[in-house]
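I opened this entry to look up the pockets and the nonpolar cores, taking the pockets before the cores. I keep in mind throughout that the model is predicted.

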Amino acid sequence: MTANYDLVIRGGTVGSATGSFRADVAVKDGKVAALGIGLGEGTREIDATGKFVLPGGIDTHAHVEQVSAGGLLNADTFESATTSAAFGGNTTLISFAAQHRGLDLRKVVDDYAVLARRGALIDYAFHLIVANPDAKTIRQDLPALIGEGHASIKVFMTYDLIKVDDEPLLDLLLTARQHRALICVHAENHGMISWMGRKLVEKGYVAPKYHAISHPRGSEAEAFNRLITAAELLDQPIMIFHVSTAEGAQVIRDARGRGLKVFSETCPQYLFLTRHDLDKPGLEGAKWMCSPPPREQVDQDALWQALALGDIQTVSSDHAPYRFDETGKLSGGPNSTFKQIANGLPGLETRLPLLFDALVSQGRPEFAGRGLDAFVNLTATAPAEIYNLPGKGALLPGYDADIAIWDPAKQVTITDAAMHDLTGFTPFAGRSVTGWPEHVLVRGEDVVSGGALHAAPGSGRWLARTGGHAATPTGRLVADMDPQRNFGAALLD
């Protein structure tokens with residue numbers, strides 16, 4: 001008898017953003033072909049009895065094979081990063097093509113594309129980091145690159161060597177509006193951070209724990225307000241990265257309440273860590289240094305509530321891997337001040353297990369018994385919709401068969417040694433979680449199963465994207481920009 005399908009996954013519980021149900025999942029030619037009970041035979045079959053069959057995770061914020069503003073190459077290659085991501089249940093990654101001052105954006109993107117084609121084991125796309133918003137970048141390179149499928153731009157409002165000030169930020173917002181790209185922003189008040197860092201060091205407060213207060217919590221809300229005001233002026237949708245404070249979440253809630261297209265993400269480090277994690281002997285606290293820094297328990301509670309209400313739509317890793325040695329965190333030597341220590345945490349492999357444990361196994365109360373739906377939505381469906389990844393983020397007929405089969409009863413204690421990235425540590429070591437992805441497939445092909453890697457470097461595909469719905473302006477102009485109300489001045493062309 002000829003098999004009907006290439007693969008049938010039988011007996012599992014299929015999860016979606018709107019509910020779960022018992023069904024078999026059939027795959028043919030890399031696509032989900034059917035869902036139902038008693039589907040025909042597959043050339044290959046997987047018994048998923050007692051397991052959750054979920055869309056593979058989409059991590060939309062990861063720094064891979066990237067050089068920092070300070071000139072430090074991070075620890076991971078595309079091969080190691082996507083291997084780690086796959087072991088953590090992910091099937092798609094959006095990382096960065098990072099321009100620095102003086103670099104040609106076109107060449108930057110071409111160089112990252114070569115690295116990803118050579119190493120990636122799961123599908124991927126890029127955000128374009130713009131740190132050099134000169135005329136060629138804005139008028140020539142960005143329009144062309146957006147047209148080729150790079151439909152999101154990343155901007156920093158802080159850090160001396162890469163920050164974009166208010167006026168060029170407006171230029172970038174206008175370019176994004178004109179060519180339908182989403183602007184993603186690291187939004188903190190640069191002056192506050194710079195001043196606090198300088199004062200702390202002058203006073204001798206140089207241990208890693210002081211990094212946590214060198215980014216005043218007010219610096220986040222202030223920058224969010226300024227960014228949102230600029231975006232509203234041009235009616236340009238934005239994505240605010242790594243929200244860390246209750247005040248920041250409130251600013252976003254207010255903006256969305258006024259009908260603005262403001263999207264946002266947070267990260268596990270803001271949901272599971274606090275500033276007290278940085279308070280360790282010697283330089284050990286450097287392992288928990290990231291920007292913005294982890295905050296307080298009250299902020300964690302506010303962020304969970306914001307996720308449940310939909311004010312924050314996604315949870316990414318912000319994977320920024322620097323080893324705890326002279327090649328990474330300690331590149332400034334054994335007596336480094338917190339200002340000399342690279343910011344960033346690894347997280348590709350732990351993001352989904354931590355969230356699964358909190359939402360599904362522990363049942364966060366904010367989600368009122370719908371933790372599995374929320375898990376799928378926050379980690380797969382919503383990222384696919386916001387970043388316009390057609391055929392990703394759900395298990396529906398015609399969609400890519402990007403699948404993670406979870407054992408909801410498996411208990412795992414996270415350790416440094418178990419991670420597959422090249423950082424050498426995880427800030428979540430010692431935490432125990434219930435629920436783990438045991439089988440991961442990209443377009444119907446095994447990437448991880450039985451604790452082993454099965455995909456080859458370079459098997460991941462680049463995903464060309466248009467801006468989609470998220471990047472489409474609302475059509476509501478403020479009076480200053482509306483020719484009907486500003487004496488006929490056409491400023492958005």
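Before assigning lining residues to elements, I noted that helices (H or I, at least four residues) and strands (E, at least two) are DSSP runs, numbered from the N terminus.

Entry 1, largest pocket. I looked up its volume, which comes to about 970 Å³, and then its lining of 44 residues, of which S68, A69, G70, Y159 and N343 are the closest to the centre. The elements that give two or more residues to this lining are β9 (152-156), α5 (190-202) and α6 (211-214), and α5 gives the most, with 4 residues. Sorting the lining by class, I found 23 polar, 17 nonpolar and 4 charged residues.

Entry 2, second largest pocket. Here I read a volume of about 350 Å³ and a lining of 18 residues, with G310, Q313, N377, L378 and A382 the closest to the centre. Both α10 (297-309) and α12 (371-386) supply at least two lining residues, and α12 gives the most, with 7. By class, I found 11 nonpolar, 4 polar and 3 charged residues in this lining.

Entry 3, nonpolar cores. I found 131 residues in the largest core, where I153, I183, I238, I240, W304 and F375 have the most contacts inside it; helix α7 (residues 217-234) provides the largest share, 8 residues. I then listed the partners of I238 beyond four places away in sequence, among them L173, L182, I183, L227, I228 and A231, together with K261, V262 and F263. A second, separate core has 15 residues, including V14, V25, V27 and A48.

Note on methods. Residues numbered from 1 in each chain as written. Predicted model: local features only at pLDDT ≥ 70, side-chain atom pairs only at ≥ 80, totals over all residues. Heavy atoms only, no water. Core = buried A, V, L, I, M, F, W, Y, C linked by side-chain atoms within 4.5 Å. Buried < 20%, exposed > 50% of the residue type's maximum accessible area, 1.4 Å probe, protein only. Contact = heavy atoms within 4.5 Å. 1 Å grid on protein atoms, 1.4 Å probe; cavity = no way out; pocket = protein on both sides within 12 Å on 5 of 7 lines; lining within 4 Å. Points joined across faces, edges and corners; volume = space filled by probe spheres on them. Nonpolar A, V, L, I, M, F, W, Y, C, P; charged D, E, K, R; others polar.
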